[in-house]
Amino acid sequence: MKKTVVEIRGKYAAVLSENGCIERIRNENYVIGQEVDSEMKTNNKKIAVLAAAACLALILGIGASAYYIPVSYVSVDVNPSLEYKLNSFERVISVKGVNDDGTQLLEAIGKDSIINKPVDEAVTATVEELVEQGYLDGEDAEVVITTSANNMEKAEVMATELEQAANQVCENNNCCFGTDCEAVGKERVKEANELGVTPGKLRLVEKLIESSADPDSVDKEEWLNKSVKEI
């Protein structure tokens, strides 16, 4: 079973398994966020439970809880819209469909296959499923990716890396869709959430309004409900 290193204390490391259990293992020069293959070796289930509890209470301290604190955000829009929350190691700690198509897309991908994965792997899996379902057919198809973090420079680096990941999917599948990636501030994420959309969708609609000959004639709410392709 794959497990993720969430804390390191001297000779020992704490790892989080896919089923949510935390174990203490010997540290073999691991780094936080690294995936390892590990099996707890014990002949006594009671000892195993106590060891895990002791690990959580004494070894991790606030380390495990810190793993689940969201510090950055990523959204992917085509018409399905997904939003990912990431921890400080840029691993996905939660993901949701922002609209009905996004919810259905997430069901097809499998939420469990994304949680605790590096964000570039999560976005790659998402774009691959978009290709599989035909959302990116046609020369005018486009994927909009938006990133946000406490540090704007970090958000910009992440945007560049995720654009490369999406383009690699395009190349691997002989597609011709475009990618539009941009980093935004946390206030932008909050504003989009209040409107029930992603920052990427909000950004596209506002660009549409700005480029219109008669901005006042553009119904912002109506366009926020349209697909990226329509916008």
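What pLDDT does the protein chain average, and what share of the residues score at least 70? This is a predicted model, so colour it by pLDDT before anything else: the protein chain averages 84, and 86% of the residues score at least 70.

Now pick out the weak spots. Select residues 40-51, where the pLDDT is below 50. Beyond near neighbours in sequence, the model gives this stretch 5 contacts. Then move to residues 53-60, where pLDDT also stays under 50. Here the model has 17 contacts beyond four places in sequence.

Next stop: the sheet. Show its 5 strands and you can read across them in the order E7-E6-E5-E8-E9. The sheet is open, and its pairing is mixed. At the edges sit strand E7 (92-97) and strand E9 (178-184), each pairing on one side only. Look along the sheet and you'll find that neighbouring strands are turned by 15° against each other on average, ignoring direction.

Zoom in on strand E5 (residues 72-77) and strand E6 (residues 81-86). They pair antiparallel over 6 bridges. For one pair to click on, try Val 76, whose bridge partner in E6 is Leu 82.

Stay with E6 and step across to E7. These two strands also run antiparallel, joined by 5 bridges. Select Tyr 84 and you'll see Val 95 of E7 standing opposite.

Last, follow the chain around the turn. E6 and E7 make a hairpin, with 5 residues between them. Click on Glu 90 in that turn: its phi is positive, at about 60°.

Technical notes
Residues are numbered from 1 along each chain as its sequence is written. This is a predicted model: local features need pLDDT of at least 70, side-chain atom pairs count only at pLDDT 80 or more; totals for chains, interfaces and linings use all residues. Side-chain values use heavy atoms; hydrogens and water are left out. Two strands pair if DSSP finds at least two bridges between them. Helices (H or I, at least four residues) and strands (E, at least two) are DSSP runs, numbered from the N terminus. Axes are lines fitted to C-alpha atoms, for helices over the stretch in contact, and angles run from 0 to 180 degrees between N-to-C directions. pLDDT is the predictor's confidence in each residue, from 0 to 100. Contact means heavy atoms within 4.5 Å.
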